[in-house]
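Please consider how charged side chains pair within a folded chain. The paragraphs below lead through several such pairs and then turn to a single loop residue.

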Amino acid sequence: MSPKSGTPKKNLMLFSGRAHRELADEVAQHLNVTITPQTAHTFANGELFVRFEESVRGTDAFVIQSHTDPINEWVMEQLIMVDALKRASAKRITVVMPFYPYARQDKKHKGREPISARLIADLFKTAGADRIMTVDLHTAQIQGFFDGPVDHLFAQTLLADHIKKTYGGADITVVSPDSGRVRLAEKWAAQLGDRPIAFIHKTRDPDKPNQAVANRVVGQVEGKLCILVDDMIDTGGTIVKATDALLAEGAADVVIATTHGILSDPATERLSNCKAREVIVTNSLPIAPEKRFPNLTVLSIAPMLAEAIQQVFEDGSVTSLFDGNA
């Protein structure tokens, strides 16, 4: 008996959790697709239920979810969506998580601590994910936690383009809020035209989360426009103390640029009252109206996500989107 040949049709389907539907809608618009309709609700005891209302058999599925507060609920919802797709015979499942949950727990600082970032990768692999797409990981080695392809996208270009357009003529120094982010500051400095860098020497008590003490500025910042860069702002304590330290050292002005605006209380109060000229974040996480303030700028990563999804769907190159640096 001779085998029967055929050319299977490839279909892209986009699925969205409930955490940040606005971003998913924007990605869908750029891809010129509609988000697959689904039934999703929460039972009285907190259990989640998801059912897709269209056939997903043989599809190339992309499941987008932003892991904001309550983070554990949205992680579980995305896991359930992946499980539902696997059991409905989706051909390939790509988990799109603009903000990787538990990324700060990527190593053991002391004995008997978890490595929760690895646990997240294991959970999604077990649920049925074939691939992960994420933006600006807290540390790049998290890519190795997932047993499969990981597309690590960079929002730095988006943020840097805004800074060049707005402050390109200024005398800029790129500043890392701590010594661990110096490599990130170097990348920023190169992208902004080989600018000098500085960093804040600080101490942090590992037993007291969200608390840091800014000690001193290392580098020349007097009279400079300091671009203070980081991957996330949670409660805002570190970044505000760094801003104060820079201004105390004679910096002309400070602009804060970060990818993930978590903005847990009291971040909005701290940032709105600090002396930074502008705080720039992306919409990788939803920012509610009550968390916004006059000098906050929110840039959209939807075009970047859509382009990366298109490249993965067409078996193209995601690295080419970042000049070979991804």
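Asp122 is partly exposed, with a relative accessible area of 30%; in this scheme, buried means under 20% relative accessible area, exposed over 50%, and partly exposed in between, computed with a 1.4 Å probe on protein chains only. The model is predicted, so local features need pLDDT of at least 70 and side-chain atom pairs count only at pLDDT 80 or more, whereas totals for chains, interfaces and linings use all residues. Residues are numbered from 1 along each chain as its sequence is written, and side-chain values use heavy atoms, with hydrogens and water left out.

The side chain of Asp122 meets that of Arg118 in a salt bridge, at 2.9 Å from N to O. The term salt bridge stands for a side-chain nitrogen of Lys or Arg within 4 Å of a carboxyl oxygen of Asp or Glu. Side chains of opposite charge can pair when their charged atoms come close. Asp122 and Arg118 are four residues apart in helix 3 (residues 116-127), and therefore about one helical turn separates them. Helices (H or I, at least four residues) and strands (E, at least two) are DSSP runs, numbered from the N terminus. Arg118 is also partly exposed, at 38% relative accessible area.

Helix 2 (residues 71-87) holds a pair with four-residue spacing, Arg87 and Asp83, again separated by about one helical turn. Their salt bridge brings the closest N and O atoms to 2.8 Å apart. Arg87 counts as exposed, with 63% relative accessibility, while Asp83 counts as partly exposed, with 24%.

What does Arg277 form with Asp253? The two residues form a salt bridge whose closest N and O atoms are 2.8 Å apart. Arg277 lies in the loop between helix 7 (267-273) and strand 13 (278-282), and Asp253 lies in strand 12 (residues 253-261), so this pair ties together parts that are 24 residues apart in sequence. Arg277 is partly exposed, at 44% relative accessible area, whereas Asp253 counts as buried, at 16%. Elsewhere, Lys10, Asp60, Arg92 and Asp315 are joined into one network by salt bridges that share partners. A search of the whole structure finds 16 salt bridges.

The final topic is Thr68, which is placed in the loop between strand 4 (60-64) and helix 2. Thr68 is buried, with a relative accessible area of 16%. Leaving aside residues up to four places away in sequence, Thr68 touches Ala19, Trp74, Leu285 and Pro286, where contact means heavy atoms within 4.5 Å.
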